[in-house]
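Biologist: I would like a close look at a single part of this model, worked through in one connected account. Please take one helix, its buried side, its partners and what follows along the chain.

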Amino acid sequence: MLLDVLAKVDALFWPCRFAGDEARQAVAELRAEYRELGLVWRVGGDAAARQAGLRELDALAAAGRLIVTRTPGRQSVFVRLPAAVDTELRRQVCLADYDAALGLLGWLGSEIDAGHGLGHGGRTWVRETRLAGVEYGGPDCGRILGAQAECMLPLLVRGLADSNADSLGRVWYALEPAGEPLAAEMIEADRHPARLEPDAGARRGYLATMDWALARLEGLRARNAREIGPVPMPAGV
């Protein structure tokens with residue numbers, strides 16, 4: 001279950017390469033909800049199954065393995081992983097953890113300081129290819145950019161960095177205010193965190209859940225139909 005929580009949170013903060021305004025707005029709404037409450041976790045089934053599911057959540061919370069939030073008047077339960085559990089699970093499935101990802105945060109800050117970013121929406125954004133040192137269409141470009149996005153996830157989830165994309169699906173990254181002082185401290189750090197040997201079964205399960213969650217996000221409808229979501233990056237840059 002904990003790996004499912006990690007995969008679904010990571011899917012929520014994975015850089016959105018799809019162009020639909022309504023889906024982008026829906027993702028923005030869920031991200032804002034996560035910041036306030038956590039990831040919505042629906043416990044289904046009949047009354048007995050639901051009670052069993054809630055007891056499992058409470059047991060994980062009591063053991064310090066999960067943070068569970070309930071809100072008055074809502075049946076939904078919200079969950080998030082404690083920092084230590086997040087680190088443990090990321091290492092288990094061969095993902096960069098928070099400490100390792102800080103090096104990439106420093107590299108992002110150094111690219112901004114060097115004037116290699118683009119001003120948009122009140123912030124400075126760095127193109128993913130600039131950060132990774134590759135060109136679109138180049139050898140192994142897709143794999144390298146995917147690995148970089150994985151390394152960015154702890155920063156995106158914790159609100160230290162943000163991502164945006166243009167209508168062609170090309171991703172840019174920016175520092176959030178909370179990430180700026182940390183980036184300044186990490187300028188000289190390694191921008192490509194070391195990888196560990198994964199638990200193969202755990203990684204397969206993580207990836208399967210994440211693929212399912214990403215596909216679901218692309219089909220979501222926004223709660224507020226009047227909003228169009230984050231303004232995409234300009235495609236002609």
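Modeller: The buried residues of helix α4 are Val85, Asp86, Thr87, Leu89 and Arg90, and the cover over these buried residues includes α1 and α7. This is a predicted model, and what follows should be read in that light.

The packing of α4 against α1 can be described first. Two packed helices are described by the angle between their axes and the distance between the axes. Helix α1, residues 2-13, and helix α4, residues 83-92, pack at an angle of about 90°, and their axes are 10 Å apart. Because angles from 65 to 115 degrees count as roughly perpendicular, α1 and α4 are therefore roughly perpendicular to each other. On the α1 side the residues that meet α4 are Leu2, Leu3, Leu6 and Asp10, while α4 contributes Val85, Asp86, Leu89, Arg90 and Gln92. Sorted by class, this contact of α1 with α4 holds five nonpolar residues, one polar residue and three charged ones.

The charged residues of this contact deserve a closer look. Arg90 and Asp10 meet through their side chains in a salt bridge, with 2.7 Å from N to O. This pair joins distant parts of the chain, since Arg90 belongs to helix α4 and Asp10 to helix α1, and the two are 80 residues apart. Both partners are buried, Arg90 as well as Asp10. The pairing is also part of something wider, for Asp10, Asp86 and Arg90 are linked in a network of salt bridges. Asp86 and Arg90 are themselves among the buried residues of α4, and the structure as a whole holds twelve salt bridges.

Helix α1 has a further partner in helix α2, residues 21-36: the axes of α1 and α2 come within 9 Å and cross at roughly 130°. That angle makes α1 oblique to α2, and α1 passes α2 in a left-handed crossing. Here the residues in contact are Val9, Leu12 and Phe13 from α1, together with Val27, Leu30, Arg31, Tyr34 and Arg35 from α2. By class, the contact of α1 with α2 comprises six nonpolar residues, no polar residue and two charged residues.

To return to α4 and follow the chain onward, Cys94 comes just after this helix and takes a positive phi of about 65°, although Cys94 is not a glycine. Cys94 lies in the loop between α4 and α5, the latter spanning 98-113. With a relative accessibility of 10%, Cys94 counts as buried, because buried means under 20% relative accessible area.

Another salt bridge involves Arg91 and Asp97, whose side chains meet at 2.6 Å from N to O. Their surroundings can be set out by accessibility: Asp97 is buried, with a relative accessible area of 6%, whereas Arg91, at 42% relative accessibility, counts as partly exposed.

The other helix named in the cover of α4 is α7, and the start of α7 has features of its own. Cys141 lies in helix α7, which runs over residues 141-157, and at 7% relative accessibility Cys141 counts as buried. Leaving aside residues up to four places away in sequence, Cys141 touches Val134, Glu135 and Tyr136. The C-alpha atoms of Cys141 and Thr129 are separated by 8.4 Å, the two residues being twelve residues apart along the chain.

Asp140 is found in the loop between α6, residues 128-132, and α7. Asp140 has a positive phi of about 60° although it is not a glycine. At 46% relative accessibility Asp140 counts as partly exposed, and its side chain meets that of Arg143 in a salt bridge, with 3.3 Å from N to O. Arg143 in turn is exposed, with a relative accessible area of 53%.

Drawn together, the account of α4 rests on a set of buried residues, Val85, Asp86, Thr87, Leu89 and Arg90, on a roughly perpendicular packing with α1, and on the network of salt bridges that links Asp10, Asp86 and Arg90.

Terms used: Residues are numbered from 1 along each chain as its sequence is written. This is a predicted model: local features need pLDDT of at least 70, side-chain atom pairs count only at pLDDT 80 or more; totals for chains, interfaces and linings use all residues. Side-chain values use heavy atoms; hydrogens and water are left out. Axes are lines fitted to C-alpha atoms, for helices over the stretch in contact, and angles run from 0 to 180 degrees between N-to-C directions. Helices (H or I, at least four residues) and strands (E, at least two) are DSSP runs, numbered from the N terminus. Angles under 35 degrees count as roughly parallel, over 145 as roughly antiparallel, 65 to 115 as roughly perpendicular and the rest as oblique. Contact means heavy atoms within 4.5 Å. Ala, Val, Leu, Ile, Met, Phe, Trp, Tyr, Cys and Pro count as nonpolar, Asp, Glu, Lys and Arg as charged, and the others, Gly among them, as polar. A crossing is left-handed if the near helix is turned anticlockwise from the far one by less than a right angle, and right-handed if clockwise. A salt bridge is a side-chain nitrogen of Lys or Arg within 4 Å of a carboxyl oxygen of Asp or Glu. Buried means under 20% relative accessible area, exposed over 50%, partly exposed in between (1.4 Å probe, protein chains only).
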